[in-house]
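Student: I should like a close look at a single helix in this model. Please describe how its residues are arranged and what surrounds them.

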Amino acid sequence: MAIGLPQNGPKGREAIGLHKKRELDMMIRTVLAVTIVAVGVTAAVAQSVIADRKALMKRSGDQAKVAASMVRGETPFDLAKAKGVFETYVDKANKLPTLFPENSKTGGETHAAPAIWEKPDEFKAQVAKFGADAKAALDQTKDLDSFKAANANMLKDCGGCHETFRLKM
Ligand code: HEC
């Protein structure tokens, strides 16, 4: 064996033992370091996904206010703006399915309810219904009256999902 270590006598064995132990220590340290980095990255991803879905929801809240203002006649009806509200909802419905990974149940001051992960099929169905209704609302909206009806229907979807899948805020 040409590993450059003394082979014979108790001293030799000791030296090899020490060498092996150091190698093992380093391996353990490397594995630990890699694990710690991986855990850190996972936590960071979970935090950013929570921030993403909250931002997406906030944008819906803002759009719902734009809609309410037109419905109440506080701002004049604007077809492009009205359709813009529902376009935002369609976009959101497309994004929601990836924004609730298993590792994002807690943290980031989330108000996501455990039901999302306990009843995943029901949650998926809610998101799908929301997306389908948003597309229908987009098609249906031609004037203030049709906008009002479509908007009222969408608000039911918001509330319906929040009731089961969002914690009290
Ligand atoms: C499929 C379910 C679902 C639908 C549909 C839905 N939401 Fe939400 N919403 C949630 C969940 C879950 C949260 C909590 C997210 C979190 O805190 O991680 C939330 C949070 C919010 C928040 C709080 C965001 C914040 O700042 O923390 C607002 C505002 C909101 N939703 C508005 C709406 C509006 C308006 C609609 C309809 C146009 C809507 N949502 C439709 C599930 C839904």
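Tutor: The account below concerns α5 and the core and ligand shell to which it contributes. This is a predicted model, in which local features need pLDDT of at least 70, side-chain atom pairs count only at pLDDT 80 or more, and totals for chains, interfaces and linings use all residues. Residues are numbered from 1 along each chain as its sequence is written.

Helices here are DSSP runs of H or I with at least four residues, numbered from the N terminus; α5 covers 144–165. Its 22 residues should span 32 Å at 1.5 Å a residue (1.5 Å times one less than the number of residues), and the end C-alpha atoms of α5 are 31 Å apart, which agrees.

In α5, F147, A150, M154, D157 and F165 are buried, meaning that 20 or more other C-beta atoms, placed from the backbone, lie within 10 Å of a residue's own, whereas 12 or fewer make a residue exposed. Seen down the axis of α5, the buried residues fall within an arc of 85° (taken from the directions from the helix axis to the C-beta atoms), so they line one face. The face turned away from them carries the exposed residues D145, A152, K156, G159 and E163.

The buried residues of α5 pack against α2, α3 and α4. One of them, M154, is in contact with Y89 (C-beta atoms within 7 Å).

α5 also supplies at least two residues of the shell around the ligand. Among the residues of that shell that come nearest are C158 and C161, where near means a C-beta atom, placed from the backbone, within 6 Å.

How values were computed:
Two residues are in contact if their C-beta atoms, placed from the backbone, lie within 7 Å. Lists of a residue's contacts leave out its neighbours within four places in sequence.
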